[in-house]
Amino acid sequence: MPFSFLSPPSPPPPLVSPISSSFSSNRFFMPKRFIRTIAKASEDDDDKPAFNPFGFVTDNPSSRSAIQLPESPAEDGNVGQMLYVILRAPCVLCPNILLKRIEDKGKEYGSYIKSGGFRWFVRETGSPESRRGTVVFLHGAPTQSYSYRVVMSQMADAGFHCFAPDWIGFGFSDKPQAGYGFDYTEKEFHEVFDKLLDTLGITSPFLLVVQGFLVGSYGLTWALKNQSKLSKLAILNTPLTISSPLPGLFQQLRIPFFGEFTCQNAVMAERFIEAGSPYVLKLEKADVYRLPYLASSGPGFALLEAAKRANFKDITSQISAGFASGSWDKPILVAWGISDKYLPQSIAKNFRKEILMPEKVVDALRVFFDHKKPA
């Protein structure tokens, strides 16, 4: 089975705009969860940890400023500023005006599409006449398709037609309440994704790029069940083996009562992204990840429901066994950011060993069975 494994060059590539993707060669691109602009903390930060009402949020300059209520408004667009204005505004209209100022941030190349009874937010670059085919990018939890905006632009320039949806319950897409038409199960995510592909008119075999936890993993389990719809598959830092660790966020979401508190943390998504690497998001980028959680409680509870219903061991078992079964025959690219603190590079290496095992067994059997006894 065609297979290629790539890891980033050493030393690490130059820092570029955060939470996007870029090319380090014509064949390799790396999720920008691991390439971010560094925001330096003040000298006092090391000695005076800020009060932290969110127990799972680790100290860093971005989140510290986001969860505090300063004496004067924080930098424009910061959650600290929003909380400050909402609590102290002289009239009830001010918070709405402030939210309006940033509600259109992060919607590059995107539009709303009705499919399967839900409103999806889908980013698109290139055109159906693009000579090199269609690429669909799937994000993981708790993020959104915003992370693909830069690589989509560059891929369109390279001749590809690109789509990147916000999964239902995430980003700017609909966030239905569980029990009212959508319960955030793996089966339902697969079903609505099938309907979205039909709505978008993606009928020929397409290229699929998958990254991240939970709904990212559902992208891989969908691929295993729909191999005929794909021409190639690219995997970027996604749980691939049963030994893949489960980040603390998803463990906390499954704890009764504590999960309900955790899921409403407005800086949850940005902190999950930042905690996966040594870098910190710029505030204007962090705004985009915060906005859905500031606009309503919907995205937090959607993530909570998805995490509660997910059987993480079963999902990774499906992925590990499915790709190693010998039935998968499409080319796979595994591109891994080695600074990922959630998923070490060993996960990708072990996956590669497992997926090549059937070929080694077949080669050995052929040699053994074809060997003729000397006359």
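Q: What makes a set of grid points a cavity, and what makes a residue part of its lining?
A: In a cavity, a 1.4 Å probe fits but cannot get out. Lining residues have an atom within 4 Å of a point. The model discussed here is predicted. By this rule it has three cavities of 30 Å³ or more.

Q: Which residues line the second largest cavity?
A: From the loop between strand 6 and helix 4 comes P142, a lining residue. The rest of the lining is T143, Q144, F170, G171, A269, Y289, P292, Y293 and P299. The volume enclosed is about 50 Å³.

Q: What makes helix 10 stand out in the lining of the second largest cavity?
A: Helix 10 spans residues 283-295 and gives three residues, the largest share of that lining.

Q: How many lining residues of the second largest cavity are nonpolar, polar or charged?
A: Seven are nonpolar and three are polar. No charged residue takes part. Gly counts as polar, and G171 is in the lining.

Q: What is the peptide bond from A141 to P142 called, and on what omega?
A: The bond is cis, with omega near 5 degrees. P142 sits in the loop between strand 6 (134-138) and helix 4 (149-157).

Q: What makes the phi of Y184 worth a remark?
A: The phi is positive, about 65 degrees, although Y184 is not a glycine. Y184 belongs to the loop between strand 7 (161-165) and helix 5.

Q: Why are helix 5 and helix 6 described by the orientation word they get?
A: Helix 5 (residues 186-200) and helix 6 (residues 215-225) pack at about 70 degrees, with axes 10 Å apart. Angles of 65 to 115 degrees count as roughly perpendicular. The pair is therefore roughly perpendicular.

Q: How do you know which residues of helix 5 and helix 6 meet?
A: The cut-off for contact is heavy atoms within 4.5 Å. E186, F189, H190, F193, D194 and L197 in helix 5 meet V215, Y218, T221, W222 and K225 in helix 6. This contact has six nonpolar, two polar and three charged residues.

Q: What orientation do helix 6 and helix 12 have, and why?
A: Their axes come within 10 Å and cross at roughly 40 degrees. Roughly parallel needs an angle under 35 degrees, and roughly perpendicular starts at 65. Helix 6 and helix 12 (residues 312-324) are therefore oblique to each other. Helix 6 passes helix 12 in a left-handed crossing.

Q: Which residues bring helix 6 and helix 12 together?
A: Helix 6 offers S217, Y218, L220, T221, L224 and K225. Helix 12 answers with I315, Q318, I319, G322 and F323. By class, this contact has six nonpolar, four polar and one charged.

Q: Why is the pair of helix 9 and helix 10 given its orientation word?
A: The axes of helix 9 (residues 268-275) and helix 10 cross at roughly 140 degrees and come within 7 Å. Roughly antiparallel needs an angle over 145 degrees, and roughly perpendicular ends at 115. Helix 9 and helix 10 are therefore oblique.

Q: What makes up the contact of helix 9 with helix 10?
A: M268, A269, E270 and I273 in helix 9 meet A286, Y289, R290 and Y293 in helix 10. Six are nonpolar, none polar and two charged. A269, Y289 and Y293 also line the second largest cavity.

Technical notes. Residues are numbered from 1 along each chain as its sequence is written. This is a predicted model: local features need pLDDT of at least 70, side-chain atom pairs count only at pLDDT 80 or more; totals for chains, interfaces and linings use all residues. Side-chain values use heavy atoms; hydrogens and water are left out. On a 1 Å grid over the protein atoms alone, a cavity is a set of points where a 1.4 Å probe fits but cannot get out, and a pocket is an open set with protein on both sides within 12 Å along at least five of seven lines; lining residues have an atom within 4 Å of a point. Grid points are joined across faces, edges and corners, and a volume is the space filled by probe spheres set on the points. Helices (H or I, at least four residues) and strands (E, at least two) are DSSP runs, numbered from the N terminus. Axes are lines fitted to C-alpha atoms, for helices over the stretch in contact, and angles run from 0 to 180 degrees between N-to-C directions. A crossing is left-handed if the near helix is turned anticlockwise from the far one by less than a right angle, and right-handed if clockwise.
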